[in-house]
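Work through the exercises below with the model in view, and try each task before reading its solution.

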Amino acid sequence: SNKVAIVTGASKGIGGGIASALGAAGARVAVNYSSDREGAERVAQAITDNGGEAIALGADVSKAADVARLFKEVDSAFGRLDVLVNNAGVFRFGALAEITEESFHLHYNINVLGAILTVQEAIKRFGADGGSIINLSSIVGSHPVAGALLYASTKGAIETLTRGLALELAPRKIRVNAIAPGHTETEGNLAAGTFEGGAGAVLAGKTPLGRLGRVTDIAPLAVFLASDESAWITGEVIRAAGGLIVAT
């Protein structure tokens, strides 16, 4: 409570779930979107309907001018910043031979550069008490799977950035951690056909806890990392993957 959070890519899926959970916990939330304005407004409205405070703000995190404008709008609306959740990301599955210049730059501009740009703006605004930065990685950042090499490499970069930023920003009381979900049922994964043709059942079968992840498995971790209860935690990558790590 009494904190202000920005969640990027929060119009649906894990980002929307995190924004909603932060709002339910008492934070004022900026729900960022790139193209899905209606989805972001639904998330913000749901937070408001539940007694919270939220606004939907459009910005492409891969563009410095958009990011600067986003943070200025949060300044105007809420007057402070305590939490940044870097969730915005893209993924296009395919074999190595299918990687193009366009797909490479799309993935790295949004997934990696976007996180750098938002952190640069956030650290200008965190107060004397510091802040919390939460980056969304993925299980494939450490355990790549076939067809997701490009996406996995961006998440490997995010995990390295998380550790490096934790070191650099610790003197300013800014904590930096990452959450690496396992195979999770989201709108994006369903739209990409990730779990079609029995693939979902196969992935669930490989997971010791016997099911795919849910947004509600991930969002509480972000609330914890945003809160003062995690004050002694920084530089960590927390894997929420139903035990998949120990099974591989």
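The exercises that follow concern a predicted model, and they deal with helix packing and aromatic rings.

**Exercise 1.** Determine how helix 4 and helix 5 are oriented to each other, and describe the residues at their contact.

*Solution.* Begin by locating the two elements: helix 4 covers residues 101-122 and helix 5 covers residues 149-169, and they pack with their axes 10 Å apart at an angle of about 15°. Because angles under 35 degrees count as roughly parallel, helix 4 is roughly parallel to helix 5. The next step is the handedness, and here helix 4 passes helix 5 in a right-handed crossing. Turning to the residues, the helix 4 side of the contact includes Phe 104, Tyr 108, Val 112 and Ile 116, while the helix 5 side includes Tyr 151, Ala 157, Ile 158 and Leu 161. Sorted by character, the residues of this contact between helix 4 and helix 5 comprise 13 nonpolar and 5 polar ones, with no charged residue.

**Exercise 2.** Determine how helix 1 and helix 8 are oriented to each other, and describe their contact in the same manner.

*Solution.* Helix 1 spans residues 13-24 and helix 8 spans residues 215-226, and their axes lie 8 Å apart at an angle of about 50°. Helix 1 and helix 8 are therefore oblique to each other, and their crossing is right-handed. From helix 1 the residues Gly 13, Ile 14, Gly 17, Ile 18, Ala 21 and Leu 22 take part, and they meet Val 215, Ile 218, Ala 219, Ala 222, Val 223 and Ala 226 of helix 8. The residues of this contact between helix 1 and helix 8 divide into 10 nonpolar and 2 polar, and none is charged.

**Exercise 3.** How many aromatic pairs are there, and what is the geometry of the pair formed by Phe 104 and Tyr 108?

*Solution.* Counting rings whose centres lie within 6.5 Å gives 3 aromatic pairs. In the pair of Phe 104 and Tyr 108, the ring centres are 4.7 Å apart and the planes differ by 25°, and the pair is stacked, because planes under 30 degrees apart count as such. Both residues lie in helix 4, where Phe 104 and Tyr 108 are 4 residues apart, about one turn of the helix. As for their surroundings, Phe 104 has a relative accessibility of 35% and so counts as partly exposed, and Tyr 108, with a relative accessible area of 21%, is also partly exposed. Elsewhere among the rings, Phe 91, Phe 93 and Tyr 151 are linked by ring pairs into a cluster, and Tyr 151 is also one of the helix 5 residues that meet helix 4.

Note on methods: Residues numbered from 1 in each chain as written. Predicted model: local features only at pLDDT ≥ 70, side-chain atom pairs only at ≥ 80, totals over all residues. Heavy atoms only, no water. Axes fitted to C-alpha atoms, helices over the stretch in contact; angles between N-to-C directions. Parallel < 35°, antiparallel > 145°, perpendicular 65-115°, else oblique. Left-handed = near helix turned anticlockwise from the far one by under 90°. Contact = heavy atoms within 4.5 Å. Nonpolar A, V, L, I, M, F, W, Y, C, P; charged D, E, K, R; others polar. Phe/Tyr/Trp six-rings, centres within 6.5 Å; stacked < 30°, edge-to-face > 60°. Buried < 20%, exposed > 50% of the residue type's maximum accessible area, 1.4 Å probe, protein only.
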